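Please work through the exercises below with the sequence and the structure side by side. Try each task before reading its solution.

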Amino acid sequence: MWYHQPVITEELLQSLPNLKIVASSGVGIDHLDLNLLSSYGVKVSNTPFVVSTDTADMAMALMLASSRRLVEGHQIAVSPDTQYFPADWLGDEVSGATLGIVGMGTIGYKVAARARAFEMKILYHNRRQRNKDEESAVGAVYCKKLDDLLQRSDFVLLSVNLTPQTHKLLGKRELELMKATATLINISRGLVVDQEALVEALQNKVIKAAALDVTYPEPLPRDHPLLKLKNVIITPHIGSATKKTRLLMMEDMTESIQAGLAGLPVPNEVL
């Protein structure tokens with residue numbers, strides 16, 4: 001499967017009686033009905049580890065681009081109407097700011113390591129607290145309550161899997177807890193955020209900005225209000241989109257398929 005295609009339905013499974021394995025690209029498995037696949041004896045694999053480095057890089061790129069207003073700056077620099085550069089055109093500092101990471105898995109942890117190089121203060125909220133050595137290595141402080149992280153962070157990064165528990169994890173109430181000067185960065189899934197509430201928060205300056213590599217749907221309808229806001233950067237779900245990583249993803253999928261067909265343990269099997 002690539003870009004969630006083909007869609008795995010019961011009708012498709014019934015038409016493929018010899019199917020042994022579905023190898024899905026990327027980390028997320030929210031597009032798959034694991035119980036349905038299991039009932040047909042079909043194994044599932046994904047590619048969770050090879051995408052983590054590039055996706056962490058993407059998170060930092062979005063944070064820097066948003067805080068320093070790179071898209072707006074580019075437009076000013078290349079506009080045929082520009083006669084001078086405004087002296088009062090300012091961005092925000094990343095170095096020394098507080099980053100709150102929601103979801104400290106492999107990707108979130110790699111973002112923390114990068115953020116430490118920017119001398120950022122790092123908070124994180126996770127289903128389980130990491131051990132003290134892991135926290136110390138990146139200078140991260142655990143927030144048991146999400147609300148605490150939201151209230152204290154200058155940048156809030158979403159790096160969680162989409163599950164029933166994380167569906168619209170950030171809604172109107174959570175956005176209102178954030179600082180009015182804060183930026184939301186989403187590299188997980190669009191449905192982790194209530195997009196209508198996000199539009200309202202951005203329009204009414206409840207939060208300062210958003211940088212999104214994911215939306216719902218993808219792409220957004222061309223008349224969607226998020227596309228019209230100057231304090232939003234949207235990229236086309238390209239967290240893992242480098243030549244090297246896409247090749248490694250294909251190699252991982254091929255390895256899993258070969259193992260599944262041979263009846264061997266499947267690397268990166270989703271259980």
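The exercises that follow concern a predicted model, and each task is followed by a solution in steps.

**Exercise 1. The sheet**

Task: Determine in what order the strands of the open sheet of seven strands follow one another, and which strands stand at the edges.

Solution: Begin with the order, which is β5-β4-β3-β6-β7-β8-β9, with parallel pairing. Next, look at the two ends of that order: β5 (140-142) and β9 each have a single partner strand, so one side of each is left without a neighbour in the sheet. Finally, follow the sheet from strand to strand, where the twist averages 20° from one strand to the next.

**Exercise 2. Gly100 and its partners**

Task: Find which residue stands opposite Gly100 in β4, and which stands opposite Gly100 in β6.

Solution: First take the pairing of β3 (residues 98-102) with β4 (residues 121-125), two parallel strands joined by five bridges. In β4, the residue opposite Gly100 is Leu123. Then turn to β6, which pairs with β3 in the parallel sense over four bridges; here the residue opposite Gly100 is Val156. One step further along the sheet, β6 and β7 are also parallel and pair over four bridges, and in this pair Leu157 has Ile185 of β7 as its bridge partner.

**Exercise 3. The nonpolar cores**

Task: Establish how many residues the largest nonpolar core has, and which element supplies the largest share of this core.

Solution: The largest nonpolar core has 29 residues, and those with the most contacts inside it are Leu175, Met178, Leu184, Leu198 and Leu226. Among the elements that each supply at least two residues of this core are α7 (146-152), β6 (155-158), α9 (195-203) and β8 (209-212). The largest share, five residues, comes from α9. There is also a second, separate core of 28 residues, which includes Met60, Phe155, Leu157 and Ile233.

To place α9 against the sheet, note that this helix lies across β7 (183-186), β8 and β9, and that it runs at about 140° to β8. For a view from a single residue, take Leu184, whose contacts beyond its neighbours within four places in sequence include Val156, Leu158, Leu198 and Ala210.

Lastly, consider the two faces of β6: Phe155 and Leu157 on one side, and Val156 and Leu158 on the other, are all buried, and both faces of the strand are thus covered. As a general background to such groupings, nonpolar side chains in soluble globular proteins tend to be buried together.

**Exercise 4. Two residues, Thr235 and Ser66**

Task: Decide whether Thr235 is buried or exposed, and do likewise for Ser66.

Solution: Start with Thr235, whose place is in the loop between β9 (232-234) and α10 (243-262). Thr235 has a relative accessible area of 18%, and because buried means under 20%, this residue counts as buried. Its contacts beyond the neighbours within four places in sequence are Met58, Leu62, Leu212 and Asp213. Of these, Asp213 is 22 residues away in sequence, while the two C-alpha atoms are 4.7 Å apart in space, and the side chains of Thr235 and Asp213 make a polar contact (2.7 Å).

Ser66, by comparison, is found in helix α3 (residues 52-67). Its relative accessible area is 12%, and Ser66 is therefore buried under the 20% limit. Leaving aside neighbours within four places in sequence, Ser66 is in contact with Thr183, Ala209, Ala211 and Ile233.

**Exercise 5. Backbone details**

Task: Identify where Pro219 is found, and whether Glu119 counts as buried or exposed.

Solution: Pro219 is found in the loop between β8 and β9, and the peptide bond that leads to it from Glu218 is cis, with omega near -5°. A cis peptide bond also joins Gln5 and Pro6, with omega about -5°, and Pro6 is found in the segment before α1 (10-15).

Turning to Glu119, this residue lies in the loop between α5 (106-117) and β4 and has phi near 60°, a positive value in a residue other than glycine. At 63% relative accessibility, Glu119 counts as exposed. Lys205, in the loop between α9 and β8, has a positive phi of about 60° although it is not a glycine, and Lys205 is exposed with a relative accessible area of 67%.

How values were computed. Residues numbered from 1 in each chain as written. Predicted model: local features only at pLDDT ≥ 70, side-chain atom pairs only at ≥ 80, totals over all residues. Heavy atoms only, no water. Core = buried A, V, L, I, M, F, W, Y, C linked by side-chain atoms within 4.5 Å. Buried < 20%, exposed > 50% of the residue type's maximum accessible area, 1.4 Å probe, protein only. Contact = heavy atoms within 4.5 Å. Polar contact = N/O pair within 3.5 Å; in protein donor to acceptor, adjacent residues only side chain to side chain. Pairing = 2+ DSSP bridges. Axes fitted to C-alpha atoms, helices over the stretch in contact; angles between N-to-C directions.
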